[in-house]
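I opened this model to look at one sheet and one domain contact. My notes follow in the order I checked things.

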Amino acid sequence: MQLFIEAVKQIELSEDVGRLFHGRGGRFQGCEHLCLDWFSPVLLLTSFKVLESDELDSLCAAIEQRWVELKGDEPLNLVFQYRRGGETHTEIIKGEVPEKHIVTENGACFQVHLLRGQNHGLFLDMRNGRQWVREHSAHKKVLNLFAYTCGFSIAALQGKADEVVNIDMSKGALSIGKQNHLLNDFKVGARFLGHDIFKSWGKLTKLGPYDLIIADPPSNQKGSFVATKDYARLLKRLPELLADDGDMLLCLNAPELSIEFLMNQVKEYSPSLVFCEQLENPAVFEDIDPNKALKVLRYQKS
């Protein structure tokens, strides 16, 4: 874990939320299980394997030392989360977590929840995807599939989209998404549909066509979406919702599935779509195997 301790000595803290250390990318030998994130004013240390108490103490001591160098006497807020499969254990190591925890990214505000589950309300590796949407949404109608807490919707409205349709079967996630819109003073311009996407094509068709469609599904969530079988179902229908010359962002965050898997799925089930580019991930998320990292591919209708 020495590489983590050395890397922590170099971290800087900005106003915006972000990842500070990404061991999962495999670039720090022996630290593949560790990540460190900044959800101002809280640091979140995550381990994907059990840590002995002395190991955790050493990591926390390194974080605290860097904190003092950067922030002086300002109290440290540090949360530790252990994750393995569906198992999650979260504890506050030092300080506290705001009851209503609001973070910022590129001028937008988001509500997050570090003490509840594995998903914290904003996927940090999708920062560049949200930025692309922000830059390419002006005067467009946007469909945000698997909307979760509606980060893409906020980005689209920041970019002056005419309208965003958000759909997700989790009404709880959409409720946080609605709060995010209000945090950013977006009181109009967005719809929220708490439905199963595969059972709502009639509704989505009536509201379309869309100039930009974003599909960022879970990779393996039983009862919702399993990429190996459900991406095909999705791709058979998606092009009919897309306006001529419209853009589509197809996302896949499954280390076990390659870029070629997604591209081959598009070729087979959506042959009218033409590949344009793959969006780069934030530099901190660099992976020694690009296939294991987040994949975001842009397509257009031919």
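**Sheet, then domain contact**

I started with a strand pair: β8 (residues 141-145) runs parallel to β11 (residues 210-215), and four bridges join them. The model is predicted, and I kept that in mind throughout. I looked for the partner of N144 and found I214 of β11 opposite N144.

Next I traced the whole sheet. What is the order of its strands? I read β10-β9-β8-β11-β14-β16-β15, seven strands in an open sheet with mixed pairing. I then checked the edges. β10 (190-193) and β15 (273-278) each have a single partner strand, so each has one side without a neighbour in the sheet. I also looked up the twist. On average, neighbouring strands are turned by 20 degrees against each other, direction ignored.

I went on to the helices that pack on this sheet. Helix α5 (residues 171-183) touches β9 (163-167) and β10. The direction of α5 makes about 170 degrees with that of β10. Helix α8 (residues 259-269) touches β14 (242-252), β15 and β16 (295-301). Here I noted an angle of about 20 degrees between the directions of α8 and β16.

**Two domains**

I turned to the division of the chain. Domain 1 covers 1-105 and domain 2 covers 123-301. I took their centres over C-alpha atoms and got a separation of 29 Å. How many residues does each domain bring to the contact? Domain 1 gives 14 residues, and domain 2 gives ten residues.

I looked up the buried area next. The two domains bury about 1,100 Å² between them. Carbon and sulfur atoms carry 54% of that area. Which three residues of domain 1 supply more of its buried area than any other three? I found R19, R27 and E105, with 49% of what domain 1 buries against domain 2.

**Polar links and elements**

I counted the charged pairs: three salt bridges lie between domain 1 and domain 2. I picked out one of interest to me, where the side chains of D16 and R127 meet at 3.3 Å, N to O. I also counted five residue pairs in polar contact between the domains, with both residues at pLDDT 80 or more.

Last, I asked which elements give two or more residues to the side of domain 1 that touches domain 2. They are β1 (18-22), β2 (34-39) and β6 (101-105). The largest share of that side comes from β1, with four residues.

Methods: Residues numbered from 1 in each chain as written. Predicted model: local features only at pLDDT ≥ 70, side-chain atom pairs only at ≥ 80, totals over all residues. Heavy atoms only, no water. Pairing = 2+ DSSP bridges. Axes fitted to C-alpha atoms, helices over the stretch in contact; angles between N-to-C directions. Contact = heavy atoms within 4.5 Å. Domains from an automatic or database assignment. Buried area = accessible area lost by both parts, 1.4 Å probe. Salt bridge = Lys/Arg side-chain N within 4 Å of Asp/Glu carboxyl O. Polar contact = N/O pair within 3.5 Å; in protein donor to acceptor, adjacent residues only side chain to side chain.
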